[in-house]
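Visitor: I should like to understand how the descriptive terms are applied to a protein model. Could we take them one at a time?

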Amino acid sequence: MTIDNAYKVKWGILSTGWIAHQFATDLAHASNGIAYAVGSRNQESADEFAKNHGIPVAHATYEDLVNDPEVDAVYIGTPHPFHKDNALLALRAGKAVLCEKPFTVNSGELEELVSYAREHKLFLMEAMWSRYIPANVKVREWVAAERIGDVRMVKADLGFRAEWNPESRLLNPALGGGALLDVGIYPISFASMIFGPHPEKVASTVHMGETGVDEHFSLLLSYGDGKSASLNGGVRLNMLQEAYVFGTEGHIVVKGSFINPKSAELYVGGELVETFEDDRASIGYAFEAEEVGRCLQAGLTESPVLTLDESVAILKLLDQVRAEWGLVYPGEE
């Protein structure tokens with residue numbers, strides 16, 4: 001699919017959950033896309049969502065949404081275990097797909113999606129929104145320009161203390177609960193953004209909760225040549241959420257929560273030499289939607305910022321870590 005530069009992508013939103021609300025709200029800030037339709041599992045839910053966001057079309061089924069001829073791209077915002085089937089449904093309808101992270105529960109599911117998308121020349125992208133946030137774009141520019149010299153170390157943590165609810169999406173194994181898939185993928189993806197997705201060595205520790213999911217974990221990734229990443233995540237433990245990139249000549253601090261930062265600081269020789277400030281009004285999801293629009297305008301079937309091969313490699317790393325923990329989700333046996 002290639003679209004005209006002046007055209008705005010008509011988005012279909014598959015799901016009416018919290019993250020879908022966030023995405024729909026932020027589409028108002030996207031320069032090249034609009035929220036056109038929503039799909040739910042019943043008409044009442046779809047109608048309410050459409051009313052809340054000023055969306056013109058509400059479908060009572062996911063099938064009706066993906067088969068709507070006016071929909072150009074589908075955003076998948078359902079719980080983790082449903083991503084593969086929902087994304088495949090949209091791909092089979094010939095739609096471009098932006099699928100919420102983690103792309104799928106495991107790498108085997110994702111490889112199936114990637115194979116179908118590539119065979120049929122369809123656009124597919126993981127909704128790792130943090131990659132497209134302006135402060136993180138600036139971090140990549142600083143690193144590429146060797147402003148901090150040779151990068152040697154990354155540190156990134158993301159965690160919060162969720163309320164105790166064994167049936168919640170965060171703690172229920174049947175919904176792909178646990179820290180690794182929900183929040184851990186963010187620091188892992190951040191490290192991959194700096195060093196690539198193929199560490200030479202992986203070491204980890206984990207605390208398994210009483211529902212059988214990982215409540216918090218620590219990872220140490222070694223990339224050779226003195227390069228490493230220290231990463232932590234948790235869903236029952238509050239953590240500082242900044243990220244740090246250390247090089248031989250200086251370091252970078254991504255302020256606030258590194259998954260949606262408003263600022264980043266560049267230090268050289270221990271001195272602050274540059275600060276990036278972002279005064280945007282949007283939540284931050286508009287940037288990933290705009291990336292989809294740019295790719296479709298260019299006739300691309302994947303984003304060069306986060307390729308499908310990188311997404312697969314990241315999920316393979318998560319698979320490896322879970323295997324070491326003995327963490328298997330229902331349906332994977």
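Visitor: What makes one say that helix H1 lies across E1, strand E4 and strand E5?

Guide: Helix H1 (residues 18–26) touches E1, strand E4 (73–76) and strand E5 (96–100), where contact means heavy atoms within 4.5 Å. H1 runs at about 165° to E1; axes are lines fitted to C-alpha atoms, for helices over the stretch in contact, and angles run from 0 to 180 degrees between N-to-C directions. Helices (H or I, at least four residues) and strands (E, at least two) are DSSP runs, numbered from the N terminus. Please note that this is a predicted model, in which local features need pLDDT of at least 70, side-chain atom pairs count only at pLDDT 80 or more, and totals for chains, interfaces and linings use all residues. Residues are numbered from 1 along each chain as its sequence is written, and side-chain values use heavy atoms, with hydrogens and water left out.

Visitor: How do you know which strands stand at the edges of the sheet with parallel pairing?

Guide: The order of this open sheet of six strands is E3-E2-E1-E4-E5-E6. Strand E3 (57–59) and strand E6 (124–127) each pair on one side only, which makes them the edge strands. Two strands pair if DSSP finds at least two bridges between them. Strand E1 (residues 9–14) and strand E2 (residues 33–39) meet that condition with six bridges, in the parallel sense; Leu14 stands opposite Gly39 in E2. Helix H2 (residues 43–53) lies across E1, E2 and E3, at about 155° to E3.

Visitor: Why are H4 and H5 called roughly parallel?

Guide: Helix H4 (residues 83–92) and helix H5 (residues 107–119) pack at an angle of about 5°, with their axes 10 Å apart. That angle makes H4 roughly parallel to H5, because angles under 35 degrees count as roughly parallel, over 145 as roughly antiparallel, 65 to 115 as roughly perpendicular and the rest as oblique. Among the residues that make the contact are Leu88 and Leu91 of H4 and Leu113 and Tyr116 of H5.

Visitor: What makes H7 a mostly covered helix, and where does H7 bend?

Guide: In H7, 17 of 17 residues are buried, that is, under 20% relative accessible area (exposed is over 50%, partly exposed in between; 1.4 Å probe, protein chains only). H7 bends by about 45° at Ile185, and Pro187 follows within four residues. The bend is the angle between axes fitted to the seven residues ending at a residue and the seven starting there. Helix H7 (residues 179–195) reaches 22 Å from its first C-alpha to its last, close to the 24 Å expected; the expected span is 1.5 Å times one less than the number of residues. Just after H7, Gly196 takes a positive phi of about 95°.

Visitor: Why are E8 and E14 said to stand at the edges?

Guide: The open sheet of eight strands, with mixed pairing, has the order E8-E9-E10-E7-E11-E12-E13-E14. Strand E8 (201–208) and strand E14 (271–277) each have a single partner strand, so one side of each is left without a neighbour in the sheet. E8 is joined to strand E9 (residues 214–224) by eight bridges, running antiparallel.

Visitor: How do you know that E13 and E14 pair, and what lies between them?

Guide: Six bridges join E13 and E14 in the antiparallel sense, and Ser263 stands opposite Glu277 in E14. The two strands form a hairpin with two residues between them, and Gly269 in the turn has a positive phi of about 60°.
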